[in-house]
Amino acid sequence: MSHSFSRSQIVRKPATKSNGGIVAAQHIKAAEIGAEVLEQGGDAIDAAVAVSFAMGVLEPWMSGPAGGGAMMIWREAEQKSYALTYGMKSPRSLDINAFPLSADGKAADLFPWRAVEGDLNVQGPLSIAVPSTVAGAGKAHKAFGKMPWKDLLQPAIKEARSGLLVDWYAALIIASATQALSKDPDAAAMFLENGQWPTIAGWTALSEKRIDQSLFASTLTHLAEQGPEDFYRGDIAASMVQDIQGKGGFLSLDDLASYAIEFEDPLAIPYRGNRIFATPMLTAGPTLADTLGQMEQMFTPERSPSVKSFSAYAEALNKAYERRLATMGDQDAPHAPSCTTHFSIVDRHGNMVSMTQTLLSLFGSRVISPSTGLLMNNGIMWFDPEQGHPNSLAPNKRCLMNVCPIIGEQVIDEQGADGQNLRRFAIGASGGRKIMPAVMQLSSFMTDHNMSLEDAFHHPRMDVSGGDVIIADEDLAPEILTELSRKHDVTTTKRTVFPYAFACPAGVSRENGMNSGCTEIMSPWGDAVAEGETE
């Protein structure tokens with residue numbers, strides 16, 4: 001892959017280390033907000049709730065209250081993991097005939113389904129599924145939270161009242177979606193100049209451009225006062241449904257009121273004497289289990305990742321994705337832009353959260369609910385619009401997600417003073433179908449090759465996610481690239497800020513009471529922040 005980037009530039013992002021809690025997130029301000037919650041005595045779950053809503057304000061094109069996701073939870077006192085999946089769901093009144101197939105062509109966004117006329121399943125009010133992020137955050141908080149719900153939403157409210165700062169990175173993201181945003185008058189009014197031109201950042205350090213999020217702030221204030229139930233059965237629900245139905249969408253009050261989730265037993269994946277806990281069912285967790293099960297038989301770990309390990313990664317991932325695509329129906333394009341967010345949290349007591357949330361596409365449906373300021377998801381795009389397939393579109397149906405939050409448990413020393421000495425880690429990523437291969441490789445770097453979290457995040461990776469071509473970091477060892485190219489069609493590329501050729505991970509780890517945190521080294525906003533280190 002040709003490019004004009006510097007070949008001599010070196011980028012490093014040192015891991016944050018602390019005896020206290022740490023939050024690793026795709027936006028440093030959200031990480032600081034979570035770290036402040038931990039410093040105030042909050043649980044990892046409290047920090048996760050605060051970070052979840054803050055990310056919806058600070059990085060609104062990736063996730064928000066009107067999206068969905070999943071999380072893995074570790075409770076140190078119980079020595080137990082919990083899985084909570086809160087995927088979006090198609091409305092009960094959805095009419096499959098409202099999505100006529102185009103005569104030819106593929107869908108215009110993340111998934112290479114048959115195209116729908118006008119891309120109605122990809123963009124606009126018909127593409128909106130039942131949102132679920134608030135249900136997930138509320139469920140986790142009710143079970144494990146220590147601080148009041150109201151208090152946890154205050155930082156997000158404060159940020160929304162200030163408005164979204166448009167720096168160079170925000171301007172780049174908004175510019176990439178200008179044409180799509182211009183089709184919804186409310187999205188255009190919020191994100192574009194005069195409803196049609198890209199919003200640009202200020203040219204000097206003294207100039208500042210902010211996007212008005214006051215309506216969003218009011219909605220969050222109401223949600224803080226009334227609790228998460230209001231999003232599904234109260235004033236917010238009523239306003240959101242009225243807005244979306246007014247634009248022609250299917251979302252109804254019954255869809256919201258009937259949405260329910262429960263904690264699930266996680267997948268407990270054995271791997272070389274270690275354990276990886278992952279979300280089950282309609283996530284990438286089962287495909288991760290498939291991949292790790294193959295890898296255990298394919299190579300013997302060496303001191304560092306080698307030709308043998310990367311060859312095994314490629315073979316195992318290819319076989320696992322063949323099965324996933326044949327039986328689960330998930331077929332998003334490997335080159336799809338990252339349009340999700342992930343954050344990982346460990347508190348001072350060792351409780352952990354690995355949480356992924358998404359609107360699906362960049363800016364979701366590109367539709368805003370004008371009375372709430374909420375940017376809505378486009379979860380309907382997760383379904384195959386052609387009938388007769390594993391993931392075909394239907395009313396009242398759960399969406400299959402690519403999210404893969406995990407909790408890992410690695411045996412470091414069998415003869416420790418108190419028995420086994422363990423390292424535990426929480427990792428996940430954004431990046432569509434690229435997520436699981438990244439999580440798998442990071443897990444292998446740490447368990448197979450005993451890398452630190454920092455070294456694992458800096459090590460070059462590849463993406464093998466069901467496409468015809470392996471995308472490999474050009475900084476992988478020459479002998480690895482040569483061997484991969486001998487068996488596969490390989491394209492090398494540089495790890496860059498935009499667009500992301502690989503997933504964008506965030507993780508934390510804990511060993512002997514010492515916590516570490518790290519985020520994707522090329523993420524310009526992402527960082528790990530320890531309690532006590534906030535400004």
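## Exercises on sheets and helices in a predicted model

In this structure, Ile22 has Ala530 as its bridge partner in β22. The model is predicted, and the exercises below treat its strands and helices in turn.

**Exercise 1.** Find which strand pairs with β22, and work out which sheet the two strands belong to.

*Solution.* Begin with the pairing itself: strand β2, which covers residues 22-25, is joined to β22 by four bridges in the antiparallel sense. Next, place both strands in their sheet, which is open, has six strands in the order β4-β3-β12-β11-β2-β22, and is antiparallel in its pairing. The strands at the edges are β4 (80-86) and β22 (527-530), each of which pairs on one side only. From one strand to the next, the twist averages 10°.

**Exercise 2.** Determine which strands of this six-stranded sheet are touched by helix α1 and which lie under helix α3.

*Solution.* Take helix α1 (residues 28-39) to start with: it packs on the sheet and touches β2, β11 (340-346) and β22, and its direction makes about 20° with that of β22. Then turn to helix α3 (residues 133-144), which lies across β3 (68-75), β4 and β12 (352-358) and runs at about 15° to β3.

**Exercise 3.** Explain why β17 and β19 each have one side without a neighbour in their sheet.

*Solution.* Set out the order of the sheet, which is open and consists of three strands, β17-β18-β19, with mixed pairing. Because β17 (462-463) and β19 (490-493) stand at the edges and each has a single partner strand, one side of each is left without a neighbour in the sheet. The link between β17 and strand β18 (residues 470-473) is made by two bridges, and these strands run antiparallel; within β18, Ala472 is the bridge partner of Met462. Finally, add helix α16 (residues 478-487), which packs on the sheet in contact with β17, β18 and β19, its direction making about 150° with that of β19.

**Exercise 4.** Describe the hairpin formed by β9 and β10, including its turn.

*Solution.* Five bridges pair strand β9 (residues 267-271) with strand β10 (residues 274-278) in the antiparallel sense, and Pro270 has Arg275 in β10 as its bridge partner. Two residues lie between the strands of this hairpin, and Arg272 in the turn has a positive phi of about 50°.

**Exercise 5.** Decide whether helix α14 is mostly covered or exposed, and compare its span with the expected one.

*Solution.* With buried taken as under 20% relative accessible area, 13 of the 13 residues of α14 are buried, and the helix is mostly covered. Helix α14 (residues 435-447) reaches 18 Å from its first C-alpha to its last, close to the 18 Å expected at 1.5 Å a residue.

Terms used
Residues numbered from 1 in each chain as written. Predicted model: local features only at pLDDT ≥ 70, side-chain atom pairs only at ≥ 80, totals over all residues. Heavy atoms only, no water. Pairing = 2+ DSSP bridges. Contact = heavy atoms within 4.5 Å. Axes fitted to C-alpha atoms, helices over the stretch in contact; angles between N-to-C directions. Expected span 1.5 Å × (residues − 1). Buried < 20%, exposed > 50% of the residue type's maximum accessible area, 1.4 Å probe, protein only.
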